[in-house]
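Grab a pencil and work through these exercises one at a time. Try each one yourself before you read its solution.

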Amino acid sequence: MYRDGVRKSIWQEEIKRISSEADDKQLFDVVIVGGGITGVSTALKLQENGKNCILLEAANIGFGTTGGTTAHINDFFDTTFDEAINDFGLEQAKLFAEVGKEAQDHIKNNIKKYGLECDFEEKAAVLFALDERQAEKLKDIVAGASKVGHEMRYTEEISFPIPFKEAVIIPNQAQFHPIKYIKGLCDAFLQLGGHILEDCICESHEEQDEIIVLKTSKGEIRTKNLVYATHIPPGVNILHFMTAPYRSYAMAFSLNYDEYSQHLGYDLTEPYHYYRTQKIDGKTLLIAGGEDHKTGHEENTGECFSRLENYVRQYFDVETVYYSWSSQYYEPVDGFPYIGKLPGSKGKVFTATGFRGNGMIFGTITAQILTDIIVHGKSKYEEIFSPSRIKPVAGFTEFVKETAEVACDFVKDKITAEKIASWEEIKEGEAKVIKHEGESFAVYKEKEGKIHVLKSTCPHVHCEVRWNGAELSWDCPCHGSRFNVNGKMLTGPTVKDLQRIDIEENSE
Ligand SMILES: Cc1cc2nc3c(=O)[nH]c(=O)nc-3n(C[C@H](O)[C@H](O)[C@H](O)COP(=O)(O)OP(=O)(O)OC[C@H]3O[C@@H](n4cnc5c(N)ncnc54)[C@H](O)[C@@H]3O)c2cc1C
């Protein structure tokens, strides 16, 4: 498996093993944990700046959300500029807007400097309102964009066959193939003397006087600085209570005509639909995404694909569905990502999380921010993205309440889990949380009848996992840890597997 789910994403063919030899007894300047766009970009930038770095990845480069993204490189964000002005003030919102342009330039520079072939294309985006309410929202978005100097122009026509009320064109956006891009960055990193270790889980770290000692599945590693580019940091941290895990769904279709839109596209429904195209083996495909929900809060995740497909078929003349996959992202409580020093650490441990659906930009800018802090002592974005900021914005109470409700739900899950008299009660292909002698277990029966039994309590902070039938995984609704049917960790913040229980399959 090259990704954290059983479904194949459109990018996955390009994932290959990348590992290098390293004397792991040496003292590194920086250990970067996590082989997605954030970790790989950061490792390269630090190595370019003369630091001796090693990148550790629990599975393989591109295993996490970067292998399941849709890779729009858009510099207008899920947190709109009008929301940023309302919650953070105009000056901070202007700085927020600068991030997009700066990150796009970084990506373009990397592509040019290292001659990367990653299907990069610059194009405009269209943002369209489907009804009156969305048109009002669009008006606010455009007004906010104008205040921070970001161009959005009203247009009478859009290149998507979807009836709309109002729409704007946003120039200077882009897209690429995320795996080809990060693979190119990895090659450049190795060329510069960096090291990559795959299949290496970072289990914990200890901050000593001058150094940090990492406990990993491949032994101890010593470093002066540590970056958790793991999408959400491992361990238990205040950041786990300031972010919430969500899943989003993507599908790639061929159409019965050749007029694919040349734009990136977004409507303003909640959750919104997003569109782009990608050529695979010479064939153009439309990638559509949406149907987002909180991790562990959708009973039948397979239905999210049906709903997305039905929605797309309403407007597009679909020929064939080529790919369908889902992946995870993190919502921050106040709308800005958290990039910088890990709260509670002594100042040499860093992280980046809470990117919403804009990780191509925020993962890329993380490289610049953390390099500026580690090499030069400061970054202009340090304050606005500080993971230690306390920003009680509108919606904060609701966010905390929702998190508390999730915690209550998991107690309820434990109490209400079903009792079964025999394994026969579980059908082939079915998954259930069952109760036995006061303990609850996550059980999955394969199509061929083989039964997998796991303890259903997530090792992170002991919530109860829930079944995700679309990706055949057990997902924790509290902080987004995920496990395959064998209990193996797929997604952090956990660093441990679910406990496997060996059973006699013919036992009652
Ligand atoms: C369906 C979907 C579509 C999206 N579309 C877009 C888009 O169009 N544009 C955009 O900008 N953003 C988009 N996003 C968001 C974006 O994809 C993510 O924000 C981004 O990929 C996150 O990258 P990352 O490197 O931080 O994390 P990841 O790619 O998740 O990488 C983290 C890595 O860390 C590893 N890891 C975790 N724990 C450990 C450990 N303890 N030890 C070692 N390794 C560990 C994991 O195996 C993983 O490979 C989308 C998200 C989703 C879900």
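**Exercise 1. Decide whether Cys463 is buried or exposed.**

Step 1: Get the cut-offs straight: buried is under 20% relative accessible area, exposed is over 50%, and partly exposed sits in between (1.4 Å probe, protein chains only).
Step 2: Cys463 has a relative accessible area of 2%, so it's buried.

A quick word on the ground rules. You're looking at a predicted model, where local features need pLDDT of at least 70 and side-chain atom pairs count only at pLDDT 80 or more, while totals for chains, interfaces and linings use all residues. Numbering starts from 1 along each chain as its sequence is written, and side-chain values use heavy atoms, with hydrogens and water left out.

**Exercise 2. Find out which cysteine Cys463 is bonded to, and where the two of them sit.**

Step 1: Recall that a disulfide is a covalent bond between the sulfur atoms of two cysteines. Here the test is a pair of cysteine sulfur atoms within 2.5 Å.
Step 2: Cys463 and Cys478 pass, with their sulfurs 2.1 Å apart. The whole structure has one disulfide.
Step 3: Now place them. Cys463 is in the loop between β21 (451–455) and β22 (466–468), and Cys478, 15 residues away, is in the loop between β23 (473–475) and β24 (482–484). Strands are DSSP runs (E, at least two residues) and helices are too (H or I, at least four residues), numbered from the N terminus.
Step 4: Check the twist: about the S-S bond it's -100°, which makes the link left-handed. Cys478 is buried as well, at 11%.

**Exercise 3. Explain why Cys53 isn't bonded to Cys186.**

Step 1: Look at the distance. Cys186 holds the closest cysteine sulfur to that of Cys53, but at 13 Å it's too far for a bond, and that's why there's no link.
Step 2: Compare the surroundings. Cys53 is buried, with 0% relative accessible area. Cys186 is in no disulfide either, and it counts as buried at 1%.

**Exercise 4. Work out which residues are closest to the ligand.**

Step 1: A residue counts if one of its heavy atoms lies within 4 Å of the molecule. That gives 36 residues around the ligand, and the closest are Thr38, Glu57, Thr66, His72 and Met360.
Step 2: Hunt for polar contacts, meaning pairs of N or O atoms within 3.5 Å (within protein, one must be able to donate a hydrogen and the other to accept it, and sequence neighbours count only if both atoms are side-chain atoms). The side chain of Thr70 has an N or O atom 2.8 Å from a ligand oxygen. From the backbone, an N or O atom of Ile37 is 3.1 Å from a ligand oxygen, and one of Ala58 is 3.0 Å from a ligand nitrogen.

**Exercise 5. Spot the unusual backbone: which residues does a cis peptide bond join, and which have a positive phi?**

Step 1: Most residues other than glycine have a negative phi, and most peptide bonds are trans.
Step 2: Glu270 and Pro271 are joined by a cis bond, with omega about -5°. Pro271 is in the loop between β12 (264–267) and β13 (274–280). The bond from Gly492 to Pro493 is cis too, with omega near 15°.
Step 3: Glu291 has a phi near 60°; it sits in strand β14 (residues 283–294). His462 has a phi near 70°, and you'll find it in the loop between β21 and β22.
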